[in-house]
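Please open the structure in your viewer and display the chain as a cartoon. The tour below proceeds from one selection to the next.

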Amino acid sequence: MRSPESPARPAAWRTNKQYILKTPLNNTAETANQTLNLYGLAYLSALGALFFNVQPVMIGAIAGGYGYDEVQLGNLVSAGLLLSFASLASSFFWITRVNRRYAVIAGGLVYAIAMTYAPMSESYNSMVVCFAIAGAGGGAMYAPILVGLAAQDNPTKAFSLSVTFMVITSGAISMVGPAWLVPAYGTQAMFYLLAVLTMTGVVLAPTITFAAPTYSLGGEDTAKGIHRFAWIGLAAFAVYFLGLNGTWAFLERAGNNIGLSPEESGVAVSLSLLLSAVGSFLAGYLEDRIDVRNALTISLGGMLLFASTLWFADGFVLFFAAILFFNTAWNFSLPFAMNSIAMADETGRYVAVIPAAQMLGAAMGPAVAAPLIISLGFTGMSLQLLSGCLISFVMFAVVSQRVSRLRGIPS
(Lines give C-alpha, C1' and ligand atoms only; values in the text may rest on other atoms or scores of the structure.)
Protein backbone atom coordinates (compact mmCIF):
# COMPACT_ATOMS: atom_id res chain seq x y z
CA MET A 1 0.00 0.00 0.00
CA ARG A 2 1.36 3.39 -0.92
CA SER A 3 1.40 6.27 1.49
CA PRO A 4 -1.47 8.78 1.09
CA GLU A 5 0.80 11.34 -0.53
CA SER A 6 2.34 9.09 -3.17
CA PRO A 7 2.17 10.17 -6.84
CA ALA A 8 -0.58 7.62 -7.58
CA ARG A 9 -3.08 9.59 -5.49
CA PRO A 10 -5.88 11.67 -6.98
CA ALA A 11 -4.95 15.20 -8.03
CA ALA A 12 -6.51 16.72 -4.90
CA TRP A 13 -3.87 14.95 -2.85
CA ARG A 14 -1.04 16.38 -4.91
CA THR A 15 -2.04 20.04 -4.97
CA ASN A 16 0.89 22.28 -3.93
CA LYS A 17 2.69 19.25 -2.53
CA GLN A 18 6.11 20.16 -1.18
CA TYR A 19 8.80 17.51 -0.74
CA ILE A 20 10.80 18.64 2.25
CA LEU A 21 14.39 17.50 2.54
CA LYS A 22 14.46 17.76 -1.28
CA THR A 23 14.32 20.61 -3.77
CA PRO A 24 10.87 22.26 -3.71
CA LEU A 25 8.67 21.70 -6.74
CA ASN A 26 8.82 25.38 -7.67
CA ASN A 27 10.50 28.54 -6.52
CA THR A 28 7.53 30.85 -5.95
CA ALA A 29 7.17 33.14 -2.95
CA GLU A 30 4.24 31.02 -1.75
CA THR A 31 6.37 27.89 -1.78
CA ALA A 32 9.15 29.65 0.11
CA ASN A 33 6.69 30.83 2.74
CA GLN A 34 5.26 27.32 3.11
CA THR A 35 8.73 25.87 3.52
CA LEU A 36 9.76 28.48 6.10
CA ASN A 37 6.51 27.90 7.96
CA LEU A 38 7.15 24.15 8.02
CA TYR A 39 10.67 24.56 9.36
CA GLY A 40 9.35 27.00 11.94
CA LEU A 41 6.76 24.44 13.08
CA ALA A 42 9.45 21.76 13.27
CA TYR A 43 11.65 24.00 15.43
CA LEU A 44 8.73 24.86 17.69
CA SER A 45 7.88 21.17 18.06
CA ALA A 46 11.39 20.52 19.35
CA LEU A 47 10.88 23.23 21.97
CA GLY A 48 7.42 21.97 22.90
CA ALA A 49 8.79 18.48 23.55
CA LEU A 50 11.81 19.67 25.56
CA PHE A 51 10.15 19.06 28.93
CA PHE A 52 9.95 15.33 28.23
CA ASN A 53 12.99 14.84 26.01
CA VAL A 54 15.65 16.38 28.27
CA GLN A 55 14.14 15.27 31.55
CA PRO A 56 16.80 12.61 32.31
CA VAL A 57 19.53 15.24 31.96
CA MET A 58 17.59 17.75 34.06
CA ILE A 59 16.98 15.22 36.82
CA GLY A 60 20.65 14.31 36.88
CA ALA A 61 21.63 17.97 37.15
CA ILE A 62 19.08 18.63 39.90
CA ALA A 63 20.21 15.58 41.86
CA GLY A 64 23.79 16.85 41.82
CA GLY A 65 22.97 20.49 42.44
CA TYR A 66 20.23 20.24 45.05
CA GLY A 67 20.93 16.90 46.71
CA TYR A 68 17.39 15.55 46.40
CA ASP A 69 17.01 11.82 47.02
CA GLU A 70 15.37 9.33 44.65
CA VAL A 71 11.92 9.71 46.17
CA GLN A 72 12.02 13.49 45.89
CA LEU A 73 13.28 13.30 42.31
CA GLY A 74 10.55 10.83 41.45
CA ASN A 75 7.86 13.09 42.87
CA LEU A 76 9.34 16.04 40.98
CA VAL A 77 9.17 14.16 37.69
CA SER A 78 5.68 12.86 38.42
CA ALA A 79 4.33 16.34 39.14
CA GLY A 80 5.60 17.69 35.84
CA LEU A 81 4.49 14.69 33.79
CA LEU A 82 1.06 14.58 35.42
CA LEU A 83 0.29 18.22 34.55
CA SER A 84 1.81 17.83 31.09
CA PHE A 85 -0.38 14.78 30.48
CA ALA A 86 -3.48 16.63 31.73
CA SER A 87 -2.73 19.61 29.48
CA LEU A 88 -2.18 17.43 26.41
CA ALA A 89 -5.13 15.09 27.03
CA SER A 90 -7.49 18.01 27.62
CA SER A 91 -6.46 19.52 24.27
CA PHE A 92 -8.89 17.07 22.66
CA PHE A 93 -11.64 19.36 23.95
CA TRP A 94 -10.09 22.81 23.52
CA ILE A 95 -7.79 22.57 20.49
CA THR A 96 -10.57 23.48 18.01
CA ARG A 97 -12.00 26.25 20.22
CA VAL A 98 -8.96 28.47 20.80
CA ASN A 99 -6.58 30.52 18.72
CA ARG A 100 -3.74 28.03 18.36
CA ARG A 101 -1.07 30.71 17.94
CA TYR A 102 -2.10 32.32 21.23
CA ALA A 103 -2.09 28.90 22.91
CA VAL A 104 1.50 28.31 21.79
CA ILE A 105 2.59 31.74 23.00
CA ALA A 106 0.80 31.42 26.34
CA GLY A 107 2.06 27.88 26.94
CA GLY A 108 5.61 28.87 26.07
CA LEU A 109 5.52 31.88 28.39
CA VAL A 110 4.22 29.76 31.27
CA TYR A 111 6.95 27.18 30.68
CA ALA A 112 9.73 29.78 30.41
CA ILE A 113 8.62 31.64 33.55
CA ALA A 114 8.42 28.39 35.53
CA MET A 115 11.89 27.33 34.39
CA THR A 116 13.27 30.77 35.26
CA TYR A 117 11.79 30.78 38.74
CA ALA A 118 12.56 27.12 39.57
CA PRO A 119 16.29 27.56 40.43
CA MET A 120 15.34 30.44 42.72
CA SER A 121 13.04 28.18 44.74
CA GLU A 122 13.73 28.29 48.44
CA SER A 123 12.09 24.94 49.18
CA TYR A 124 11.53 21.56 47.61
CA ASN A 125 7.78 22.16 47.45
CA SER A 126 8.33 25.32 45.41
CA MET A 127 10.45 23.33 42.96
CA VAL A 128 7.64 20.76 42.61
CA VAL A 129 5.14 23.53 41.88
CA CYS A 130 7.45 25.00 39.22
CA PHE A 131 7.81 21.62 37.54
CA ALA A 132 4.06 21.10 37.57
CA ILE A 133 3.44 24.53 36.03
CA ALA A 134 6.18 23.95 33.45
CA GLY A 135 4.59 20.64 32.49
CA ALA A 136 1.20 22.26 31.97
CA GLY A 137 2.70 25.06 29.90
CA GLY A 138 4.77 22.71 27.78
CA GLY A 139 1.71 20.59 26.98
CA ALA A 140 -0.37 23.62 26.01
CA MET A 141 2.44 24.77 23.74
CA TYR A 142 3.04 21.39 22.08
CA ALA A 143 -0.51 20.33 21.13
CA PRO A 144 -1.26 23.16 18.64
CA ILE A 145 2.12 22.65 16.98
CA LEU A 146 1.27 19.02 16.21
CA VAL A 147 -2.00 20.14 14.63
CA GLY A 148 -0.07 22.54 12.41
CA LEU A 149 2.28 19.76 11.32
CA ALA A 150 -0.64 17.43 10.54
CA ALA A 151 -2.20 20.15 8.35
CA GLN A 152 0.81 20.23 5.99
CA ASP A 153 0.44 18.96 2.43
CA ASN A 154 2.59 15.98 3.34
CA PRO A 155 2.19 15.14 7.07
CA THR A 156 4.66 12.23 7.09
CA LYS A 157 7.47 14.42 5.80
CA ALA A 158 6.45 17.20 8.18
CA PHE A 159 6.56 14.80 11.13
CA SER A 160 9.94 13.47 9.96
CA LEU A 161 11.38 16.99 9.98
CA SER A 162 9.85 17.59 13.41
CA VAL A 163 11.41 14.44 14.88
CA THR A 164 14.77 15.36 13.33
CA PHE A 165 14.68 18.77 15.03
CA MET A 166 13.67 17.14 18.33
CA VAL A 167 16.47 14.60 18.25
CA ILE A 168 19.18 17.11 17.34
CA THR A 169 18.02 19.63 19.94
CA SER A 170 17.62 17.18 22.83
CA GLY A 171 20.79 15.31 21.86
CA ALA A 172 22.85 18.50 21.79
CA ILE A 173 21.50 19.62 25.17
CA SER A 174 22.13 16.16 26.64
CA MET A 175 25.76 16.31 25.54
CA VAL A 176 26.56 19.95 26.26
CA GLY A 177 24.60 20.35 29.50
CA PRO A 178 26.25 17.81 31.84
CA ALA A 179 29.68 18.00 30.20
CA TRP A 180 30.15 21.77 30.01
CA LEU A 181 27.22 23.97 31.03
CA VAL A 182 26.59 22.62 34.54
CA PRO A 183 30.28 22.35 35.55
CA ALA A 184 30.95 25.88 34.29
CA TYR A 185 27.82 27.74 35.43
CA GLY A 186 25.97 25.49 37.86
CA THR A 187 22.69 23.61 37.77
CA GLN A 188 20.65 26.78 37.34
CA ALA A 189 22.20 27.23 33.89
CA MET A 190 20.21 24.24 32.62
CA PHE A 191 16.96 25.86 33.74
CA TYR A 192 17.87 29.17 32.12
CA LEU A 193 18.93 27.47 28.88
CA LEU A 194 15.51 25.81 28.55
CA ALA A 195 13.77 29.09 29.39
CA VAL A 196 15.75 31.05 26.78
CA LEU A 197 15.21 28.43 24.08
CA THR A 198 11.50 28.41 24.77
CA MET A 199 11.36 32.18 24.57
CA THR A 200 12.85 32.03 21.08
CA GLY A 201 9.78 29.95 20.20
CA VAL A 202 7.46 32.50 21.79
CA VAL A 203 9.07 35.22 19.67
CA LEU A 204 8.82 33.05 16.53
CA ALA A 205 5.21 31.91 17.05
CA PRO A 206 3.48 35.11 15.78
CA THR A 207 5.10 34.56 12.37
CA ILE A 208 3.92 30.93 12.07
CA THR A 209 0.62 29.66 10.67
CA PHE A 210 -0.99 26.99 12.88
CA ALA A 211 -3.54 25.74 10.37
CA ALA A 212 -5.87 22.81 10.94
CA PRO A 213 -6.49 20.04 8.38
CA THR A 214 -8.86 21.25 5.64
CA TYR A 215 -10.11 18.00 4.13
CA SER A 216 -13.44 16.29 4.87
CA LEU A 217 -14.02 12.69 5.91
CA GLY A 218 -17.43 12.65 4.19
CA GLY A 219 -20.71 12.06 5.99
CA GLU A 220 -21.16 11.81 9.74
CA ASP A 221 -21.34 8.01 9.71
CA THR A 222 -18.14 7.73 7.67
CA ALA A 223 -16.34 10.19 9.95
CA LYS A 224 -17.37 8.25 13.06
CA GLY A 225 -16.11 5.03 11.50
CA ILE A 226 -12.78 6.61 10.64
CA HIS A 227 -12.44 8.25 14.07
CA ARG A 228 -12.68 4.81 15.67
CA PHE A 229 -9.45 3.95 13.91
CA ALA A 230 -7.87 7.15 15.23
CA TRP A 231 -8.57 5.86 18.75
CA ILE A 232 -6.97 2.53 17.81
CA GLY A 233 -3.93 4.46 16.59
CA LEU A 234 -3.69 6.29 19.90
CA ALA A 235 -3.91 2.95 21.75
CA ALA A 236 -1.12 1.67 19.49
CA PHE A 237 1.07 4.60 20.58
CA ALA A 238 0.49 3.69 24.24
CA VAL A 239 1.53 0.09 23.55
CA TYR A 240 4.55 1.20 21.52
CA PHE A 241 5.86 3.55 24.20
CA LEU A 242 5.22 0.97 26.91
CA GLY A 243 7.79 -1.16 25.10
CA LEU A 244 10.12 1.72 24.23
CA ASN A 245 10.34 3.30 27.67
CA GLY A 246 10.77 -0.07 29.34
CA THR A 247 14.09 -0.13 27.48
CA TRP A 248 14.95 3.59 27.50
CA ALA A 249 14.61 3.83 31.29
CA PHE A 250 17.12 1.01 31.90
CA LEU A 251 19.74 1.62 29.20
CA GLU A 252 22.26 2.97 31.69
CA ARG A 253 21.70 -0.05 33.91
CA ALA A 254 22.21 -2.31 30.88
CA GLY A 255 25.56 -0.61 30.29
CA ASN A 256 26.50 -1.03 33.93
CA ASN A 257 25.61 -4.72 33.59
CA ILE A 258 28.43 -5.22 31.07
CA GLY A 259 30.93 -3.22 33.11
CA LEU A 260 30.55 0.29 31.74
CA SER A 261 30.70 3.28 34.07
CA PRO A 262 27.73 5.66 34.31
CA GLU A 263 29.79 8.22 32.41
CA GLU A 264 30.51 5.79 29.56
CA SER A 265 26.87 4.74 29.39
CA GLY A 266 25.80 8.40 29.36
CA VAL A 267 28.14 9.22 26.48
CA ALA A 268 26.86 6.23 24.50
CA VAL A 269 23.22 7.24 25.05
CA SER A 270 23.73 10.93 24.27
CA LEU A 271 25.91 10.42 21.20
CA SER A 272 23.63 7.73 19.76
CA LEU A 273 20.61 9.98 20.32
CA LEU A 274 22.23 12.77 18.32
CA LEU A 275 23.34 10.48 15.48
CA SER A 276 19.99 8.72 15.31
CA ALA A 277 18.51 11.80 13.62
CA VAL A 278 19.43 9.91 10.44
CA GLY A 279 16.40 7.69 11.15
CA SER A 280 13.84 10.47 10.93
CA PHE A 281 15.71 12.03 8.00
CA LEU A 282 15.46 8.74 6.10
CA ALA A 283 11.77 8.51 6.95
CA GLY A 284 11.20 11.82 5.19
CA TYR A 285 13.36 10.84 2.24
CA LEU A 286 11.78 7.40 1.74
CA GLU A 287 8.15 8.30 2.55
CA ASP A 288 7.02 8.34 -1.08
CA ARG A 289 9.00 5.18 -1.88
CA ILE A 290 7.76 2.75 0.79
CA ASP A 291 4.40 2.18 2.46
CA VAL A 292 3.58 2.10 6.15
CA ARG A 293 3.88 -1.66 6.45
CA ASN A 294 7.35 -1.70 4.90
CA ALA A 295 8.48 1.24 7.03
CA LEU A 296 7.36 -0.40 10.26
CA THR A 297 8.91 -3.72 9.20
CA ILE A 298 12.23 -1.92 8.73
CA SER A 299 11.84 -0.37 12.19
CA LEU A 300 11.12 -3.78 13.71
CA GLY A 301 14.28 -5.07 12.05
CA GLY A 302 16.21 -2.25 13.70
CA MET A 303 14.82 -3.21 17.09
CA LEU A 304 15.86 -6.84 16.48
CA LEU A 305 19.37 -5.61 15.67
CA PHE A 306 19.35 -3.69 18.96
CA ALA A 307 18.31 -6.75 20.97
CA SER A 308 20.82 -9.08 19.32
CA THR A 309 23.69 -6.58 19.54
CA LEU A 310 22.96 -5.88 23.20
CA TRP A 311 22.98 -9.64 23.85
CA PHE A 312 26.57 -9.90 22.56
CA ALA A 313 27.76 -6.51 23.87
CA ASP A 314 30.83 -6.79 26.09
CA GLY A 315 32.15 -3.24 25.88
CA PHE A 316 31.49 0.32 24.82
CA VAL A 317 31.54 -0.18 21.03
CA LEU A 318 28.84 -2.86 20.83
CA PHE A 319 26.78 -1.15 23.53
CA PHE A 320 26.89 2.11 21.58
CA ALA A 321 25.99 0.29 18.34
CA ALA A 322 23.01 -1.37 20.05
CA ILE A 323 21.62 1.93 21.32
CA LEU A 324 22.18 3.55 17.92
CA PHE A 325 20.07 0.80 16.31
CA PHE A 326 17.39 1.36 18.96
CA ASN A 327 17.18 5.14 18.61
CA THR A 328 17.42 5.11 14.81
CA ALA A 329 14.62 2.55 14.45
CA TRP A 330 12.50 4.54 16.92
CA ASN A 331 12.96 7.79 15.01
CA PHE A 332 12.37 6.12 11.64
CA SER A 333 9.02 4.71 12.73
CA LEU A 334 7.52 7.79 14.36
CA PRO A 335 6.59 9.87 11.26
CA PHE A 336 4.78 6.93 9.67
CA ALA A 337 2.96 6.06 12.90
CA MET A 338 1.91 9.66 13.48
CA ASN A 339 0.64 10.00 9.93
CA SER A 340 -1.63 6.97 10.40
CA ILE A 341 -3.56 9.06 12.93
CA ALA A 342 -3.37 12.27 10.88
CA MET A 343 -5.09 10.40 8.02
CA ALA A 344 -8.06 9.72 10.31
CA ASP A 345 -8.30 13.20 11.81
CA GLU A 346 -9.78 16.12 9.89
CA THR A 347 -10.03 18.26 13.05
CA GLY A 348 -6.57 17.94 14.64
CA ARG A 349 -8.10 16.74 17.93
CA TYR A 350 -6.65 13.22 17.76
CA VAL A 351 -3.22 14.33 16.56
CA ALA A 352 -3.02 16.80 19.46
CA VAL A 353 -3.32 14.03 22.05
CA ILE A 354 -0.66 11.74 20.52
CA PRO A 355 1.89 12.84 23.16
CA ALA A 356 -0.62 12.06 25.93
CA ALA A 357 -0.98 8.50 24.61
CA GLN A 358 2.81 8.24 24.39
CA MET A 359 3.21 9.45 27.97
CA LEU A 360 0.60 7.01 29.23
CA GLY A 361 2.50 4.07 27.75
CA ALA A 362 5.87 5.50 28.80
CA ALA A 363 4.69 5.75 32.41
CA MET A 364 3.83 2.05 32.46
CA GLY A 365 6.95 0.86 30.64
CA PRO A 366 9.50 0.82 33.50
CA ALA A 367 6.99 -0.73 35.91
CA VAL A 368 6.47 -3.63 33.50
CA ALA A 369 10.16 -3.97 32.60
CA ALA A 370 11.52 -4.03 36.16
CA PRO A 371 10.13 -7.47 37.18
CA LEU A 372 11.07 -8.88 33.75
CA ILE A 373 14.67 -7.75 34.26
CA ILE A 374 14.72 -9.27 37.73
CA SER A 375 13.48 -12.64 36.48
CA LEU A 376 15.04 -12.84 32.99
CA GLY A 377 17.84 -10.29 33.06
CA PHE A 378 18.02 -7.68 30.31
CA THR A 379 16.69 -10.26 27.86
CA GLY A 380 13.32 -9.63 29.52
CA MET A 381 13.67 -5.94 28.73
CA SER A 382 14.32 -6.74 25.06
CA LEU A 383 11.36 -9.13 24.92
CA GLN A 384 9.05 -6.41 26.24
CA LEU A 385 10.39 -3.99 23.62
CA LEU A 386 9.95 -6.40 20.72
CA SER A 387 6.47 -7.43 21.87
CA GLY A 388 5.36 -3.80 22.16
CA CYS A 389 6.79 -3.00 18.71
CA LEU A 390 5.19 -5.99 17.02
CA ILE A 391 1.72 -5.42 18.50
CA SER A 392 1.68 -1.66 17.92
CA PHE A 393 3.11 -1.89 14.41
CA VAL A 394 0.35 -4.28 13.39
CA MET A 395 -2.19 -1.85 14.86
CA PHE A 396 -0.68 1.13 12.98
CA ALA A 397 -0.65 -0.80 9.70
CA VAL A 398 -4.28 -1.84 10.11
CA VAL A 399 -5.31 1.75 10.91
CA SER A 400 -3.52 3.11 7.85
CA GLN A 401 -4.95 0.46 5.53
CA ARG A 402 -8.55 0.70 6.77
CA VAL A 403 -8.62 4.50 6.84
CA SER A 404 -7.27 4.62 3.28
CA ARG A 405 -10.03 2.26 2.22
CA LEU A 406 -12.77 4.21 4.00
CA ARG A 407 -11.54 7.47 2.49
CA GLY A 408 -11.39 5.95 -0.99
CA ILE A 409 -7.65 6.47 -1.35
CA PRO A 410 -6.21 3.98 -3.89
CA SER A 411 -3.81 1.41 -2.42
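A residue is called buried when its relative accessible area is under 20%, exposed when that area is over 50%, and partly exposed in between. With this definition in hand, select helix α9, residues 188-204. Its buried residues are Ala189, Met190, Phe191, Leu194, Ala195, Thr198, Gly201 and Val202. An α-helix has 3.6 residues a turn, so residues three or four places apart point the same way. Helix α9 has 17 residues and reaches 25 Å from its first C-alpha to its last, close to the 24 Å expected at 1.5 Å a residue. Please keep in mind throughout that this is a predicted model.

**The whole chain**

Now zoom out. The chain has 18 helices and zero strands. Of its 411 residues, 54% are buried. The accessible surface comes to about 16700 Å², and carbon and sulfur atoms account for 66% of that area. Among contacts with a separation of 6 or more, 84% join residues 24 or more positions apart.

**Helix α4 and isoleucine 62**

Select residues 55-66, which form helix α4. How far apart are the end C-alpha atoms of α4? They are 16 Å apart, which agrees with the 16 Å that twelve residues should span at 1.5 Å a residue. Colour Gln55, Val57, Met58, Ile59, Ala61 and Ile62, the buried residues of α4. These buried residues pack against α3 (50-53), α5 (70-94), α7, α8 and α9.

Next, select isoleucine 62 within this helix. Is isoleucine 62 buried or exposed? Its relative accessibility is 0%, so isoleucine 62 counts as buried. Leaving aside neighbours within four places in sequence, isoleucine 62 is in contact with Gly67, Tyr68, Leu73, Leu76, Phe131, Thr187 and Phe191. Phenylalanine 191 is one of the buried residues of α9. Although isoleucine 62 and phenylalanine 191 are 129 residues apart along the chain, their C-alpha atoms are separated by 9.7 Å. Move on to glycine 67, just after α4, where phi is positive at about 75°.

**Serine 45 and serine 121**

Select serine 45, in helix α2 (residues 29-48). Serine 45 has 0% relative accessibility and therefore counts as buried. Not counting residues up to four places away in sequence, serine 45 touches Tyr142, Ile145, Leu149, Ser162 and Met166.

Then select serine 121, which lies in the loop between α6 (100-117) and α7 (124-150). Serine 121 counts as buried because its relative accessibility is 14%, and the upper limit for a buried residue is under 20%. Which backbone atom does the side chain of serine 121 reach? It reaches the backbone oxygen of alanine 118, at 2.7 Å. Beyond its neighbours within four places in sequence, serine 121 is in contact with Ser126, Met127 and Cys130.

**A nonpolar patch on the surface**

Turn on the surface display and select Met175, Val176, Trp180 and Tyr185, which make a nonpolar surface patch of about 420 Å². Methionine 175, a member of this patch, is placed in helix α8 (residues 155-185). The relative accessible area of methionine 175 is 33%, so this residue is partly exposed.

**The salt bridges**

How many salt bridges are counted? The count comes to two. For one of them, select arginine 289 and aspartate 288, whose closest N and O atoms are 3.1 Å apart. Arginine 289 counts as partly exposed because its relative accessibility is 46%.

For the other pair, select arginine 293 and aspartate 291, where the closest N and O atoms are 3.8 Å apart. Compare the two partners in surface view. Arginine 293 has a relative accessible area of 36% and is therefore partly exposed. Aspartate 291 has a relative accessible area of 9% and is therefore buried.

**Last stop: alanine 367**

Finally, select alanine 367 in helix α17 (residues 354-376). Is alanine 367 buried or exposed? Alanine 367 is exposed, because its relative accessible area is 55%. Add glycine 246 to the selection: it is 121 residues away from alanine 367 in sequence, and the two are 7.6 Å apart in space, C-alpha to C-alpha.

Terms used:
Residues numbered from 1 in each chain as written. Predicted model: local features only at pLDDT ≥ 70, side-chain atom pairs only at ≥ 80, totals over all residues. Heavy atoms only, no water. Helix = DSSP H or I, 4+ residues; strand = E, 2+ residues; numbered from the N terminus. Buried < 20%, exposed > 50% of the residue type's maximum accessible area, 1.4 Å probe, protein only. Polar contact = N/O pair within 3.5 Å; in protein donor to acceptor, adjacent residues only side chain to side chain. Contact = heavy atoms within 4.5 Å. Areas by Shrake-Rupley, 256 points an atom, 1.4 Å probe, with all protein chains shown as cover. Expected span 1.5 Å × (residues − 1). Patch = residues over 30% accessible without salt bridge, like charges linked within 9 Å, V, L, I, M, F, W, Y side chains within 5 Å. Salt bridge = Lys/Arg side-chain N within 4 Å of Asp/Glu carboxyl O.
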